[in-house]
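Work through the exercises below with the sequence and the coordinates open. Each task is followed by a solution in steps.

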Amino acid sequence: MAVLREVPVEAQVLVRGEPRPRFPLEPNTSAGDVLWLGPDEWLVLGGREAEYADAAVAVDVSAARVVLELAGDDAREVLAQGCSLDLRSGSFGPGRCAQTLVARTEAILHCAGDDAIRLLVRPSFAPYLRAWLEDAIDGVRR
Amino acid sequence: MLIPCPWCGERDELEFSYGGEAGVPYPADPAALTDGEWAAYLFVRANPKGPFRERWVHAHGCRRWFDLTRDTATHEILG
Amino acid sequence: MSEGQPDFLWRSPEPRRAYEVVIVGAGGHGLATAYYLAREHGITDVAVLEKGWLAGGNITRNTTVIRSNYLWDESAAIYEHALQLWEGLAEELDYDLLFDQRGVLNLAHTLQDVRDSRRRVYANRLSGIDAEWLEPEQVAEVCPILDVSPDVRYPVLGATYQPRGGIARHENVAWGYARAADALGVDLVQECEVTGIEVERGRAVAVRTTLGRIAAGTIGLVAAGHSTLLADLAGVRLPLQSHPLQALVSELYEQVLPCVVMSNAVHVYVSQAHKGELVMGAGIDAYNSYAQRGSFHVIERQLAAALELFPLFASASVLRTWGGIVDVSPDASPILGPTPVDGLYVNCGWGTGGFKATPASGRTFAWTLAHGEPHALAAPFSLDRFATGALVDEHGAAAVAH
Amino acid sequence: MRFSFAGVEYEGREGETLAAALVRNGVLGGFRSPYRDRPRGVFSDGEEEPNALVRVGDEPLARATLVELEEGLVAEPVAGKGRLEPPRRERRYDSMHAHCDVLVVGAGPAGRAAAAAGGGDVILAELGRCAPLDGVRVLERTAVVGLYDGNLAVAVERGRRLWRIRARRIVLATGAVERPTLFEDNDRPGVMLAGAFKRYGRPAGATPVSGGFTPRVQLWRQAGGRLRWDDRVGAPVPDGELRAVACAGSVTGEGLPDAPPFALPDGEEGRIFVDLERDATVADVRRAVAAGLRSVEHVKRYTTIGTGPGQGRTSGVLATRVAAELLGVHPGELGTTTARPPYLPVPFALLAGRNRGPLFDPVRVTPLHERHVELGAVFEDVGQWKRPRYYPRSGEEMDAAVLRECAAVRERVGMQDVSTLGKIDVQGPDAAELLDRLYTNLISTLPVGMCRYGVMCRADGMVFDDGVVMRLGEGRFLCTTTTGNAAAVLAWMEEWLQTEWPELRVWLASVTEQWAAVAVAGPDAREFLQPLTGVALDAASFPFMAIREGEVVGIPARVCRVSFSGELAFEVWVDGRRGHELWRALEGAGGATPYGTEAMHVLRAEKAYPIVGQDTDGTVTPQDLGMDWVVSKKKGHFVGKRSFDRPDTSRADRKQLVAVLPADPDELLPEGAQLVADPDVPPPVPMLGHVTSSYRSAALGRTFALALVRGGRGRVGETVHAPLEDRVVPAVLAEPVLYDPEGRRRDGRPA
């Protein structure tokens, strides 16, 4: 049964420009805590602006998103209620990430493990998204 | 529709915003244009029935703009 | 069930080789134009050419809302002229149009909605249009099934009300004009697609069609979503884009909705037809299209919004959805008048406002074709306003363009 | 199993439909026709049922042939029209997205064969019950109701779950539906389709009829497939091919029996029914043809055939054949009508899903929201945000609260949550160049550590947004936007950058929610804030429009000296996660009055600072707002500049922003009121403009308004009239800045 919780992430930094060593180059994938967001754009979970002073651009976005985690063997089914992405494990397995819509808000999805999907969402939308997902968990349970 | 983002692949149209006709550049020297020419830039765009080169942006995804050709009579995406 | 329909509607003549006036497009506006040309200007040497079947486009795909409470003076004037014509139209055409002035509510959900709405009411009243501002409890009196409680996501903060607004039966309107025009001698030619417009020394002289060349003294293009395709044939570029506009009807229910309700903020406009179906319009799809269909999520969004306003609709079911092709202009106002090609006139760009304008559109366009210069009510809607900047910006100002 | 129909109790069986149970109990009638009130009975055993409509529970219009019996089920016959009533129990609906390689619609022999053939992930959707199939995901009691672009199938499972299925390939094995035949009184109870008659066990007293079979081509048509008339089956069948949709089984016409020969029967044509749902007869079709109609679409509209709940499932082909016969043409020449979704009626509530009530639309809140709630704030919807409008004290009405909050800012100090302002990080060597092209004023001359007010226009020259631009470094800026426009402005900047000027080395990022921000405003702002921060706040160290970094109440902060009230003011920005802590500490320091958007609106209006979207409406230029100073004369071009030279945009008598002072200082003009020169002329009364903002002012001791008035700046001093519902209010036009026009309060309490 899916469980929703918030995962504390101390710092986040958005890095733009040329890719750096260990940054993922394939779209919609992650390498460790670095998420591909665009052809010249990455989000480093745990990273700090000062560490990327030599990048074209680095922006501290530590407070700009909260991280929710939906875990459990029916996590994908819960999420599929509000997300048009192909969430089958063959398409969205560990190491995949995607920016998309969940219900009526933007989110970055990150497959953190076989049965755990993280949702990075703007804090102002987080209460709404949590409520929506809790309702969806309830819906799948019935 | 499924819109092919050049970076993220096919995604549901809900993730995109539309930008109308592609290939209409901002005039190099707007001041040199007549009012009519300026109005044509501001307001007049092609509106064909059939293949149409148009702009989209993956607004809720990677935020990149791109062009594609779509048939406005059938919604088929031609590339 | 064919009660209420007349025993005879129109002939199906072969087109002649030349007409004084050729109107392209046998929708509501084209048919109305032909009728008023014949009726008010004595010009009966007229053909209306239709590529498909008569009244098969937007005239029977719209949600039949009629109102005149537009924001800008220029819009209010032409839509109010239409409403006054509507009030005598069934009698004039001797056709039951099921025109029903059950009133139109435009809901306000935010403080800015309230400002915009009251601005429109004050302007309408000065223009001589019946318009009222209603507080939420008054809204509930007009429409008891509307949820006006303050604890919903976007509470109803009030509404503008136009008692003279209402609905009519769309195909009866088109058929009424068609029958009357036919009776006055106008040739209604169906399955006759215009494939070219001949321009000689800056003047349009004929149309080429799938049924042959037809010479014309004056040509009026009245083709809604297909207007740019036709104008392109004469080298005239129009500032219009064609988009899907979807609508839907429910199954049939006993009457529950006493008026038309429109809500721009939550994207609903709904009325209940005489037969009992709820008729609802949805939003315009963002992309260009001639496919007469739109995207599913637009319908979903629409129904969610409807249930916020009308909890009673929870058990209603959608019977049919469809799409029209709306010709959207940069300022959400029509283009009505001459073009840079002599003898070639356009009447288009009505976007979502076309049905309610039908009588005034036809009448002022007929006047324009007959006199070779714009009717006073049509003059603000000239093509050259886009160059001067004198737009009549209905979406910029009121954002209530349906 | 007991059930009741029309008030009579019957015995039913597990797994039986209501229609089957009625027929088995000998009930062949029991229904009425909608318009002519003729007796009717169960006619079919499927979704095509035209007669047997019932109200069951909260469902106002169910087909008895699709209602599964339950113990104690209560059904009432319905004659065409349902009655909408408040639901007795709230049903929950949900939705599901699915992706597969093959979707098969229909689990008859052809459908099961197609599903069994595999080809990856396969979903098999069947309207009725369906046995499991190895390696196939079976959705039974699931109706595929719509096919949309991009191979999106929309399906309804058990009436309560909406599926959106993206399939690479779709196989339509939808079968065929039996057609009725034409004869006098062919609508009477007991007449039923031959297949149903057989499946109902040949009920005594019933009459089977069959006019052949009509392939269920609706989904094929929705997918854009063509049809051709098939003389053998006497109906249209799929023609040609589609890229990703195929038909299998009897929907193609193959395997269907030959249709019986068709001829118009003898008898009274007004009693030979073509469409049972519409009570439409051969006589109606004959009238339509006699009226001159030649197109099947016209005949359908004239007679209303095919517009009922069944959408012509049983009547459409019949009507075409009758019309063709009367017109003396081949039915294939008449064309076919379009099939539109949904294939079966879909409840509104199912389409709305869980996006209802509190989940209808996201509510966005700032990090300080909980505290605003505790303080008793009344909220205003601004886009999706909830913003405190005012903070009433016990027993206080809005007017009193707003006057109190305004007075606090003008006389002492107030604090406001301004976290909702959009914030865009703009970085790169060409950042200044990009902003010069997008704002009407010069940004590149802004020194590092300073900020500047800026306006953006659309290419048509009309004001689009405004905000403050901060220069944080040589190549680093932070632009603020209005609350409602944050996403639109970022999208606008990206569009220009990516599509017009990709050569510029600039990168944009939304940092709206990175920061929580509190404005501290009022003549005592410095005295209030100085003890809480190490940043020197005196005017010499911290000039107007400067930016300082430091700590406030121990939290790392960026402090900006910007003011939206004309008073000395500091905006304190901190990490969004510490916003609540900042606010509580400021509150705890004592002396600062929380104020909401309404007080902020009053204060800015006293200074004639416009609010985009309230004092502008998409038809207003910066010059119209009296802000010529924000339009650079030096820059070669910026977006919108060319439009200012158009004839209409350069007219002298455009509507311009001015102040309006009602003659009676207690008279509050309604926002939206129109202004006229002469209220006594009959309609249409020429209008000069309208009131955009209107307030009671504590500082002015009177009411005032802002208005957009034709040639307004040239009319200052003139009296105009606002005709209201019940009276006409005279008012004088004034220069727009009513409070402290010299700007003496900007640096604090004037000496």
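The exercises concern a predicted model and treat ring pairs, a chain interface and salt bridges in turn.

**Exercise 1. Classify the ring pair Y453(D) and W629(D), and state which parts of chain D the pair ties together.**

Solution. A search of the whole structure gives 36 aromatic pairs over all chains. For Y453(D) and W629(D), the ring centres are 6.0 Å apart, which is within the 6.5 Å limit. The planes meet at 40 degrees, so the pair is tilted; stacked would require under 30 degrees and edge-to-face over 60. Next, place the two residues: Y453(D) belongs to strand β28 (residues 451-457), while W629(D) is in the loop between α15 (597-606) and β37 (655-662). The pair therefore ties together parts that are 176 residues apart in sequence. W629(D) has a relative accessible area of 59% and is exposed.

**Exercise 2. Which residues do ring pairs link into a cluster with Y41(B), and which charged residue lies over the face of Y41(B)?**

Solution. The cluster holds Y26(B), W38(B) and Y41(B) from chain B, together with F464(D), W492(D), W496(D) and W501(D) from chain D. Over the face of Y41(B) lies R45(B), at 5.4 Å from the ring centre.

**Exercise 3. Describe the interface of chain D and chain C by residues, area and polar pairs.**

Solution. Start with the residues: chain D supplies 89 to the contact and chain C supplies 75. The size of an interface is often expressed as the accessible area lost when the parts come together. Here about 7600 Å² is buried, and carbon and sulfur atoms give 56% of that area. On the side of chain D, L84(D), F348(D) and F360(D) lose the most area to chain C, together 13% of what that side buries. F360(D) also has the charged end of R301(C) over its ring, 5.1 Å from the centre.

Then take the polar part. There are 11 salt bridges between the two chains, and one pair in a salt bridge is E171(C) with R301(D), at 3.5 Å from N to O. Helix α6 (residues 296-303) of chain D gives the most to the side that touches chain C, with five residues. Polar contacts join 33 residue pairs across the interface.

**Exercise 4. For the salt bridges R226(D) to D239(D), R232(D) to D258(D) and R561(D) to D747(D), give the N to O distance, the location and the exposure of each partner.**

Solution. The whole structure has 109 salt bridges over all chains.

- R226(D) and D239(D) meet at 3.8 Å. They lie in strands β18 (residues 226-230) and β19 (residues 235-239), 13 residues apart. R226(D) is exposed at 52% relative accessibility, and D239(D) is partly exposed at 24%.
- R232(D) and D258(D) meet at 2.7 Å. R232(D) is in the loop between β18 and β19, and D258(D) in the loop between β20 (245-247) and β21 (273-275), 26 residues apart. R232(D) is partly exposed at 34%; D258(D) is exposed at 54%.
- R561(D) and D747(D) have their closest N and O atoms 2.6 Å apart. R561(D) is in the loop between β34 (555-560) and β35 (569-575), D747(D) in the segment after β42 (728-734), 186 residues apart. R561(D) is buried at 1%, whereas D747(D) is partly exposed at 36%.

Terms used: Residues are numbered from 1 along each chain as its sequence is written. Chains are lettered from A and ligands numbered from 1 in the order in which they are written. This is a predicted model: local features need pLDDT of at least 70, side-chain atom pairs count only at pLDDT 80 or more; totals for chains, interfaces and linings use all residues. Side-chain values use heavy atoms; hydrogens and water are left out. Helices (H or I, at least four residues) and strands (E, at least two) are DSSP runs, numbered from the N terminus. Buried means under 20% relative accessible area, exposed over 50%, partly exposed in between (1.4 Å probe, protein chains only). A charge sits over a ring if NZ of Lys or CZ of Arg is within 6 Å of the ring centre and within 35 degrees of the ring normal. Contact means heavy atoms within 4.5 Å. Buried area is the accessible area (1.4 Å probe) that two parts lose on being put together, summed over both. A salt bridge is a side-chain nitrogen of Lys or Arg within 4 Å of a carboxyl oxygen of Asp or Glu. A polar contact is a pair of N or O atoms within 3.5 Å; within protein, one must be able to donate a hydrogen and the other to accept it, and residues adjacent in sequence count only if both atoms are side-chain atoms.
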